[in-house]
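Here are my notes for you, written as a colleague would jot them down. Have the sequence and the 3D view open while you read.

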Amino acid sequence: GVTTVLGTSFNIFAREGKYEVHCVSGKVKVESKKGESHIIMPNQKVNVNTKNGVFTKEAKTNAMHAIAWTKNEFIFTGTPLKEVYKEMERQFDIEITCEDEISGNYTGNFKRGSSPMGTLQLISKPFGYEVVKKSKHKYQIVLNTN
């Protein structure tokens with residue numbers, strides 16, 4: 001996607017087929033490669049699927065959550081567990097494998113610098129998953145059979 005600054009502050013999240021732009025202040029124009037564009041205002045967001053160019057616009061978001069990473073905090077609202085684990089891998093420089101297909105949407109947060117094991121347990125336990133530490137940088141998520 002292409003982002004045009006129109007006197008503003010904003011955040012761009014671009015990973016694995018996702019391109020999200022959150023407007024914090026001012027206005028932001030977001031344009032897809034196909035030429036479709038949207039202008040967003042504070043606490044609005046645009047998602048662009050980078051594989052098919054499909055745009056979606058959300059009129060009510062919390063832009064402060066999108067920029068929480070600048071304070072080493074990561075906030076998720078209804079985010080698929082797989083995406084949360086991917087972000088944990090990135091932030092903690094760890095590898096997370098899953099024994100079974102992981103499902104569920106997570107709402108909560110974690111801070112960079114906290115314990116990866118403690119954070120994984122906090123996130124996984126409510127969904128019925130256990131965390132097994134395989135080595136210093138490798139963890140496995142398994143279904144709790146108790």
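The points below go from the whole chain down to single residues.

1. First, a reminder: this is a predicted model. So that you know what you are looking at, the chain has 146 residues, and 33% of them count as buried. Along its principal axes, the C-alpha trace spans about 50 × 30 × 25 Å.

2. Now try walking along the chain from the N terminus. You'll meet 3 helices and 10 strands, in the order β-β-β-β-β-α-β-α-β-β-α-β-β. Contacts also link parts that are far apart in sequence: taking contacts with a separation of 6 or more, 39% are between residues 24 or more positions apart.

3. A word on the outside. The accessible surface comes to about 8,700 Å², and carbon and sulfur atoms make up 51% of that. As for charge, count 21 positive side chains and 15 negative ones; the centres of these two sets are 6 Å apart.

4. Next, look at strand β10, residues 138–143, and ask which way its partners run. Strand β7 (residues 95–98) pairs with β10 in the parallel sense, over 4 bridges. Strand β9 (residues 129–135) runs antiparallel to β10, and 6 bridges join the two. The link from β9 to β10 is a hairpin through 2 residues.

5. If you want landmarks for those pairings, pick one residue pair on each side. C98 stands opposite I141 in β10, while V132 stands opposite Q140 in β10.

6. Since C98 has come up, how many disulfides does a search of the whole structure find? The count is 0. As background, a disulfide is a covalent bond between the sulfur atoms of two cysteines. Two cysteines worth clicking on are C23 and C98, whose surroundings can be described by accessibility. C23 has 0% relative accessibility, so it counts as buried. C98 has a relative accessible area of 33%, which means it is partly exposed.

7. Let's turn to some backbone angles. Which residue that is not a glycine has a positive phi of about 60 degrees? That's N72, placed in the loop between α1 (63–66) and β6 (73–80). N72 is partly exposed, because its relative accessible area is 35%.

8. D93 deserves a look as well: it is not a glycine either, yet its phi is positive, at about 55 degrees. You'll find D93 in the loop between α2 (81–92) and β7. Is D93 buried or exposed? With a relative accessible area of 60%, D93 passes the 50% mark and therefore counts as exposed.

9. Finally, zoom in on M88, which is found in helix α2. Its relative accessible area is 0%, so M88 is buried. What is M88 in contact with, once you leave aside its neighbours within four places in sequence? The list is D93, I94, I96, F110, P116, T119, L120 and I123. Notice that D93, the residue from the previous point, is among them.

10. One distance to try for yourself: select the C-alpha atoms of M88 and R112. These residues are 24 apart along the chain, and their C-alpha atoms are separated by 8.8 Å.

Conventions: Residues are numbered from 1 along each chain as its sequence is written. This is a predicted model: local features need pLDDT of at least 70, side-chain atom pairs count only at pLDDT 80 or more; totals for chains, interfaces and linings use all residues. Side-chain values use heavy atoms; hydrogens and water are left out. Two strands pair if DSSP finds at least two bridges between them. A disulfide is a pair of cysteine sulfur atoms within 2.5 Å. Buried means under 20% relative accessible area, exposed over 50%, partly exposed in between (1.4 Å probe, protein chains only). Contact means heavy atoms within 4.5 Å. Accessible areas come from the Shrake-Rupley method with a 1.4 Å probe; for residues, only the protein chains shown count as cover. Lys and Arg count as positive and Asp and Glu as negative; His and the chain ends are not counted. The place of a charge is taken as NZ of Lys, CZ of Arg, CG of Asp or CD of Glu.
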